[in-house]
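Biologist: Got a minute to look at this one with me? I'd like to go through a few strands and loops.

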Amino acid sequence: QVQLVESGGDLVQAGGSLRLSCVASGSIFSINAMGWYRQAPGKQRELVAGITTGGSTNYADSVKGRFTISRNNAKNTVYLEMNSLKPEDTAVYYCKIVAVTTARVTNDYWGKGTLVTVSS
């Protein structure tokens, strides 16, 4: 079993900042890609940012220059630093990892989400 726990979601004013964290635990042998997704009310879940084992990153166009994804491999943790937040960033943010378990099985794992609300 692999568990993901996100934290850091909050209510913030437009222009403000938040830092999300996601810690993975359980029967993990290794973690490949890690990423953050978000889902706003009435919309489909979308990729916000991703990071590979080697540290290569990619971002949705809507967050480029404002959000930064990073990871701490020793702590099985991925972060999302969000600056200059806008009301349209309001969503539930989900962490996703691609992990190899101790049974050498590769799967995608999702967290339960953390709510980010940006007021205008």
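Biologist: Okay, which residue in S8 is the bridge partner of Arg71?

Modeller: That's Val78. Keep in mind that we're looking at a predicted model.

Biologist: And how do S7 and S8 run, and how many bridges join them?

Modeller: They run antiparallel, with six bridges joining S8 to S7, which covers residues 67–72.

Biologist: What does S8 pair with besides that, say S3: in which sense, and over how many bridges?

Modeller: S3, residues 18–26, pairs with S8 in the antiparallel sense, over six bridges. As an example from that pairing, Val23 has Thr77 of S8 as its bridge partner.

Biologist: Is S8 mostly covered or mostly exposed, then?

Modeller: Mostly covered. S8 spans residues 77–82, and five of its six residues are buried.

Biologist: Switching to the turn. Where is Asn76?

Modeller: Asn76 sits in the loop between S7 and S8. The hairpin those strands form has four residues between them.

Biologist: What's the phi of Asn76?

Modeller: Near 50°, so a positive value in a residue that isn't glycine. Most residues other than glycine have a negative phi.

Biologist: Why does Asn76 count as partly exposed?

Modeller: Because its relative accessibility is 24%, and the partly exposed class lies between under 20% for buried and over 50% for exposed.

Biologist: Which residue in the loop between S9 and S10 should I look at?

Modeller: Try Arg104, which is in that loop, between S9 (91–101) and S10 (106–110). Arg104 has a positive phi too, near 65°.

Key:
Residues are numbered from 1 along each chain as its sequence is written. This is a predicted model: local features need pLDDT of at least 70, side-chain atom pairs count only at pLDDT 80 or more; totals for chains, interfaces and linings use all residues. Side-chain values use heavy atoms; hydrogens and water are left out. Buried means under 20% relative accessible area, exposed over 50%, partly exposed in between (1.4 Å probe, protein chains only). Helices (H or I, at least four residues) and strands (E, at least two) are DSSP runs, numbered from the N terminus. Two strands pair if DSSP finds at least two bridges between them.
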